[in-house]
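Notebook open. Today I'm looking up ring contacts and pockets, starting with the rings.

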Amino acid sequence: MSRQASPLATHANLGSLLSPAALATTVGGISWRQKPGLDKEGLVQVRIAIKHLAPCVLRMTVHPLRPSEPFLQYLVGAGRDGFSARRLCVNHTHRPIEGTHKHRTEPAIGDEVAYKPTDIPEVPLAPRVAPGVHRAIFEAFAAECFVELGSDFTWVEP
C-alpha cells in the first residue's frame, strides 16, 4: 500500500494534523544514521495531540555527493497505515515544476500534488552546503507542517 493510500490520510485528519490544533512538537534532537548506500537519514520524533495518528516523525535525507538536494518528509502513523503528510524535494524537478517543490497529500485522489514553495531558503546547486543551510530548510519545513521545535531540540549537521 502506498503511503498516500492510507486509510488515515483523510481530509479531516490532514486538516487537524496540519494546523495548530495538533499541538505538534519535536521530541529530542535530530539523529543521523547511515542508510544503505551513501544517503544519511536524520529523524526527529514528533509528539501530537491526535492519538490515532501517532507516531509522527520528521525525516531528512541528504546524499553526501548532492548535499544541495535534500529530501524531507512529515511521516504520520506506523506501518501499513502510515502516510506522508508533506514532502519537500530541494533542487529536484517534478514536471511541470522546475527545481524545489513540495508534495501535498490529496486523499480524494489517493496521491500527492506537487507545488512550488515560497518559504524554503534557496540552495545553490553545489558540491558543498554552508553550515546552517540544512537546519534552515528543516525549520522552514517543520513550520509549514505546524511542528514546533521542542525546548530539547538539538541540531547536528548531516
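Entry 1, the ring cluster. I looked for aromatic rings that join up and found Trp32, Phe138, Phe153 and Trp155 linked into a cluster by ring pairs. Note to self: this is a predicted model. My search over the whole structure turned up three aromatic pairs.

Entry 2, Phe138 with Phe153. I have these two down as a stacked pair, with 5.8 Å centre to centre and 10° between the planes. Phe138 sits in helix H2, residues 133–144, while Phe153 is in the segment after strand E8 (147–148), so I noted the pair as a link between distant parts of the chain, 15 residues apart. Are these rings buried or exposed? Phe138 counts as buried because its relative accessibility is 1%. Phe153 is buried too, at a relative accessible area of 10%.

Entry 3, Phe138 with Trp155. I logged this pair as tilted: the centres are 5.5 Å apart and the planes make an angle of 45°. Phe138 is in H2 and Trp155 is in the segment after E8, so the pair ties together parts 17 residues apart in sequence. Trp155 has 14% relative accessibility, so I count Trp155 as buried.

Entry 4, the largest pocket. How big is the volume of the largest pocket? I get about 160 Å³. Which residues line the largest pocket? My list has Val90, Asn91, Glu98, Gly99, Thr100, Lys116, Pro117, Thr118, Ile120, Pro121, Glu122 and Val123. I sorted this lining by type and got five nonpolar, four polar and three charged residues.

How values were computed
Residues numbered from 1 in each chain as written. Predicted model: local features only at pLDDT ≥ 70, side-chain atom pairs only at ≥ 80, totals over all residues. Heavy atoms only, no water. 1 Å grid on protein atoms, 1.4 Å probe; cavity = no way out; pocket = protein on both sides within 12 Å on 5 of 7 lines; lining within 4 Å. Points joined across faces, edges and corners; volume = space filled by probe spheres on them. Nonpolar A, V, L, I, M, F, W, Y, C, P; charged D, E, K, R; others polar. Phe/Tyr/Trp six-rings, centres within 6.5 Å; stacked < 30°, edge-to-face > 60°. Helix = DSSP H or I, 4+ residues; strand = E, 2+ residues; numbered from the N terminus. Buried < 20%, exposed > 50% of the residue type's maximum accessible area, 1.4 Å probe, protein only.
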